[in-house]
Amino acid sequence: MDSIHICGGYPLYGETKVQGSKNAVLPILAATVLVDGVTTLNNCPDIADVHCMVRLLESIGCVVEYGGGRIRVDAGHISKTRLPREYVTRMRSSVVMMGALLGRMGNVTISYPGGCVIGKRPIDMHLRAFVGLGIELEEAGDTLTARTKCLQGGCIPLAFPSVGATENSILAAVAAQGETQIYNAAREPEIDALCGFLRCAGADICRKGDGSIICVRGGQSLHSCCYHIPFDRIVAGTYLLGCMAAGGRICLKQADGRELTALAGVLEAMGGRLVYGEDSITLTAPERAQAVPCVRTAVYPGYPTDLQSQLVAALSLAEGESIVEETVFENRFRAVPELVKMGADIRTEGSRVTVRGVRALHGSQVRAMELRGGAALCMAALAAKGESRIMNRHFIDRGYEALEQDIRNLGGRI
Ligand code: EPZ
């Protein structure tokens with residue numbers, strides 16, 4: 001059944017291990033194409049987006065073994081450079097395969113990944129970055145071919161610290177002759193995980209200055225390596241906000257609080273108490289959360305857009321009025337109408353929502369429209385009194401490896 005059933009209204013008590021990061025493993029899987037040999041990745045999440053990326057790797061000639069959180073990629077015999085439309089349109093982050101294939105093969109053909117429900121999500125910055133490395137682009141309908149005789153290092157000034165454009169620039173620059181400087185590069189931890197993997201394979205990459213410049217000395221040949229995927233900070237943040245909504249105390253294992261400082265500030269402003277262990281985070285929720293005057297999403301290290309819907313869900317039950325402003329994507333309040341169905345009092349005005357906390361939400365049948373909004377509905381359902389059913393769970397399966405088991409470990413009834 002494509003739905004999740006939750007019996008809510010009870011505080012959460014328990015602990016669970018946090019899965020490996022979706023947004024780190026996807027670009028790293030693409031980066032394995034640059035290694036003419038075997039790469040082993042540990043702590044990979046078993047999620048739909050990873051399966052999709054594995055299919056893409058196999059479609060160009062990689063041999064992939066996948067099981068028990070370990071993925072082994074043999075990219076010794078890449079034979080194709082055309083990415084199948086089916087997978088590219090299903091998962092837009094397949095666009096980072098462009099940089100990897102350009103780096104390894106010097107050309108790639110891809111159908112435009114298209115937008116999704118949270119926004120148009122163009123790739124203009126990715127393409128401008130490629131041109132900066134001497135790559136020629138050719139469009140035919142919705143198919144794009146990029147090719148180069150010889151990748152030349154250069155200067156890539158990003159108009160916006162786009163995560164994907166930074167990743168694509170790094171992947172192409174690693175194979176380019178000479179040095180590449182990426183200015184206004186994204187600072188998300190997933191970028192550092194990608195750089196960590198590439199350094200492990202022999203690449204010469206570092207951040208410079210205040211961290212907004214990434215310098216790549218290309219042309220090093222990359223060798224087989226083994227790499228551990230870091231924890232998923234968005235999954236961790238999702239569960240912390242679920243606990244703020246439902247109440248109780250939870251402990252997240254294999255989670256590094258240093259990557260969640262913006263969220264921690266908001267949780268403490270809401271009355272939450274955080275304790276950090278060696279590699280764990282424990283949150284004790286207040287009897288009733290306090291509203292926060294205004295939270296604006298921003299690029300890292302600001303408040304993550306991927307935790308915006310989950311915050312709106314938690315604030316729906318807080319005492320007082322809060323404002324949440326979405327500055328990264330243009331249409332990321334898709335969960336709001338469904339939260340209102342559960343009894344939330346939320347007004348949407350353009351890129352901001354005003355949330356007036358209510359005493360209780362009631363269980364309802366609601367629909368997930370995309371990944372993080374769907375996760376937010378699950379967190380709201382844990383707090384809502386009575387039974388909820390969240391439809392279209394396939395959206396949630398794209399990024400949460402074991403939501404049911406995690407929620408059960410935390411004491412939820414799912
Ligand atoms: C990555 O998407 C993440 N996905 C997203 O997580 C995350 O929300 C986003 O970064 C921001 O942190 C993965 O890592 C797989 P961007 P990405 O390029 O790279 C605009 C999730 O739920 N833009 O930083 O696509 C774009 O439209 C997902 O796990 C351009 O205009 O994000 C958006 O408004 C959702 N032109 C903004 O920049 C471009 O060429 C940020 O996009 C590129 C981006």
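Here is a friendly exchange about a predicted model, taken one feature at a time.

Visitor: Let's start with the sheet that holds β9, β10, β11 and β12; what is the strand order?
Guide: Happy to begin there. This is an open sheet of four strands, and its pairing is mixed. From one strand to the next the twist averages 15°. Read across the sheet, the order is β9-β10-β12-β11.

Visitor: Which strands of that sheet stand at the edges?
Guide: Look for strands with a single partner, so that one side is left without a neighbour in the sheet. Two strands fit that description, one spanning 155–157 and the other 204–208. They are β9 and β11.

Visitor: Which residue in β12 stands opposite Q181?
Guide: Q181 falls within strand β10, residues 179–183, and β12 covers residues 213–217. These two strands run antiparallel and are joined by five bridges. Opposite Q181 in β12 stands C215.

Visitor: And in the hairpin of β11 and β12, which residue takes a positive phi?
Guide: β11 and β12 pair in the antiparallel sense over five bridges, with K208 opposite I213 in β12. The hairpin has four residues between the strands. One residue there has a phi near 60°, and that is G209.

Visitor: Which helix lies across β11 and β12?
Guide: Follow the chain to residues 189–200. The helix there runs at about 145° to β11. Its name is α7.

Visitor: Which strands are at the edges of the sheet with β17, β18, β19 and β20?
Guide: This is another open sheet with mixed pairing, in the order β17-β18-β20-β19. Its neighbouring strands are turned by 15° against each other on average, direction ignored. An edge strand pairs on one side only, which here gives β17 and β19.

Visitor: What is the bridge partner of T348 in β20?
Guide: β19 covers 345–349. It is joined by five bridges to β20, residues 352–356, and the two run antiparallel. The bridge partner of T348 in β20 is V353.

Visitor: At what angle does α10 run to β18?
Guide: Helix α10 is made of residues 308–315. It lies across β17, β18, β19 and β20, where β18 covers 321–325. Its angle to β18 is about 170°.

Visitor: How are α8 and α10 set against each other, roughly parallel or roughly perpendicular?
Guide: Their axes are 8 Å apart, and the packing angle is about 10°. Angles under 35 degrees count as roughly parallel. That makes the arrangement of α8 and α10 roughly parallel.

Visitor: How many charged residues does the contact of α8 with α10 have?
Guide: On the α8 side are I234, T238, L241, M244 and A245, which meet Q310, L311 and A314 in α10. Sorted by class, the contact has six nonpolar and two polar residues. For charged residues, the tally is none: no charged residues.

Visitor: Which element gives the largest share of the lining of the second largest pocket?
Guide: That pocket has a volume of about 420 Å³. Among its 22 lining residues, the closest to its centre are A245, A246, G247, E287 and R288. Two elements give two or more residues to the lining, α8 (233–246) and α12 (371–383). The largest share, three residues, comes from α8.

Visitor: By class, how many nonpolar residues does the lining of that second largest pocket have?
Guide: Set aside the other classes to begin with. The lining has three polar and four charged residues. The nonpolar count is 15.

Visitor: Where is the cis peptide bond that has omega near 10°?
Guide: Most peptide bonds are trans. For this cis bond, look in the loop between β17 (294–296) and α10, which holds P301. The bond runs from Y300 to P301.

Visitor: Last one: what is the phi of N43?
Guide: Most residues other than glycine have a negative phi. N43 lies in the loop between β3 (38–42) and α2 (48–59). Although N43 is not a glycine, its phi is positive, at about 65°.

Note on methods
Residues numbered from 1 in each chain as written. Predicted model: local features only at pLDDT ≥ 70, side-chain atom pairs only at ≥ 80, totals over all residues. Heavy atoms only, no water. 1 Å grid on protein atoms, 1.4 Å probe; cavity = no way out; pocket = protein on both sides within 12 Å on 5 of 7 lines; lining within 4 Å. Points joined across faces, edges and corners; volume = space filled by probe spheres on them. Nonpolar A, V, L, I, M, F, W, Y, C, P; charged D, E, K, R; others polar. Pairing = 2+ DSSP bridges. Axes fitted to C-alpha atoms, helices over the stretch in contact; angles between N-to-C directions. Contact = heavy atoms within 4.5 Å. Parallel < 35°, antiparallel > 145°, perpendicular 65-115°, else oblique.
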